[in-house]
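User: I am new to this structure and would like a close look at one helix, at what covers it and at the neighbours of that cover. Please take me through it in connected prose.

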Amino acid sequence: MSARTYADFTTQASFEIKKCDVHKLDDAPATEVVLTREEGLQYYRIMQTMRRMELKADQLYKQKIIRGFCHLYDGQVEYQGIFFPLIYTIPMYRGCHFNTRKIIYVYQYLKWRDFCRRGGIAKGKGGSMHMYTKNFYGGNGIVGAQVPLGAGVALACKYQERNELCVCLYGDGAANQGQIFETYNMAALWKLPVIFICENNKYGMGTSVERAAASTDYFKRGDFIPGLRVDGMDVLCVREATRFAADHCRSGKGPILMELQTYRYHGHSMSDPGVSYRTREEIQEVRSKSDPISMLKDRMLSNNMASVEELKEIDVEVRKEIEDAAQFATTDPEPPLDDLCNHIFSNEPPLEVRGTNPWTKLKSVS
């Protein structure tokens, strides 16, 4: 922290944000919003943590420490998890960063997501498709499969008469899946408390949305379901739209659909350089004009809500946290073979499990 005291800073400021496009809605999220200094610093730290985790995963994959698949998220809506800490969430495969807001510490995330170490939440028996914790039901490797599952979570909320809702995320590439439209239909008929969020990063794998979809108005795809199209690169736009959508669901009006217009800096996966179907200049232009972290930083600095030195201190702290987490993860032991079949059931007595042949017997302990 610099020599300036907290009394020198503006405690809150008002901002004009981009208006959302709406479908079958009489109201819309606010365009005049207030950001407090405390909120801004919190958002900045979380977004930087998510960004640094992704970049560290990129580095470790290239060093062949992380194996298999690795789908990075940096640039793309790196702060949604900020607004869903107490809501049921079911993401797609590119939603790993949500863990930072779902009671999973960074070191556990790294150990468990890609390293498959014994101390991870999945005890080393799964990667990024085995992400479960309280209120968190993902990730999902089958494109679009999480959408009907998310509606099922919302159905449970309604059936058990809990004033809760489910946030269900999918990408523009999954938006053409038939199971999504089937889910829309049931959710609308039963007035399920679910927010369907289409993260439109403009490229489903390597195909632009214009080549893949006759209609790119994804927020209207629910037909009779109300929809919002949101600037997904602006943390304040996402915050206000999320609040609006959550209030809509909790009021008993049923589902709502949000399209977040966003962008990913990396390719679809680590095997995709990301520049065969778009130019480096296009990526750099988005980085320079619409980066979510830079936009928040500029707002805070230009309104005297933080100092350059204060934000640099946060950057240093986050970098250290990620480096420590990576070091911890890479030195944690792999699970022994005896643990291979454990936790098949959550509360059953020990049982024998057949191995690769009828004569091999392994024991499973809950």
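Analyst: In this predicted model, the part to look at is helix 8, whose buried residues are covered by elements that include strand 1 (12–16), strand 3 (32–36), helix 1, helix 6 (235–250) and helix 7 (280–290). Helix 8 itself spans residues 292–302, and the residues buried in it are Pro292, Ile293, Leu296, Arg299 and Met300. Seen down the axis of helix 8, these buried residues fall within an arc of 130°, so they line one face of the helix. The general background is that an α-helix has 3.6 residues a turn, so residues three or four places apart point the same way.

One of the covering elements, helix 1, also has a partner of its own: helix 1 (residues 37–62) packs with helix 9 (residues 308–331) at an angle of about 40°, their axes being 9 Å apart. Because of that angle, helix 1 counts as oblique to helix 9, and the crossing of the two is right-handed. On the side of helix 1, the residues that meet helix 9 include Arg37, Tyr44, Arg45, Arg52 and Lys56, while those met in helix 9 include Glu310, Asp315, Glu317, Ile322 and Ala326. Sorted by class, this contact of helix 1 with helix 9 has 10 charged, 9 nonpolar and 2 polar residues.

As for the setting, the protein chain has 9 helices and 14 strands, and 52% of its 366 residues count as buried. Among contacts in the protein chain between residues at least 6 apart in sequence, 69% join residues at least 24 apart.

Note on methods
Residues numbered from 1 in each chain as written. Predicted model: local features only at pLDDT ≥ 70, side-chain atom pairs only at ≥ 80, totals over all residues. Heavy atoms only, no water. Axes fitted to C-alpha atoms, helices over the stretch in contact; angles between N-to-C directions. Helix = DSSP H or I, 4+ residues; strand = E, 2+ residues; numbered from the N terminus. Parallel < 35°, antiparallel > 145°, perpendicular 65-115°, else oblique. Left-handed = near helix turned anticlockwise from the far one by under 90°. Contact = heavy atoms within 4.5 Å. Nonpolar A, V, L, I, M, F, W, Y, C, P; charged D, E, K, R; others polar. Buried < 20%, exposed > 50% of the residue type's maximum accessible area, 1.4 Å probe, protein only. Arc of directions from axis to C-beta.
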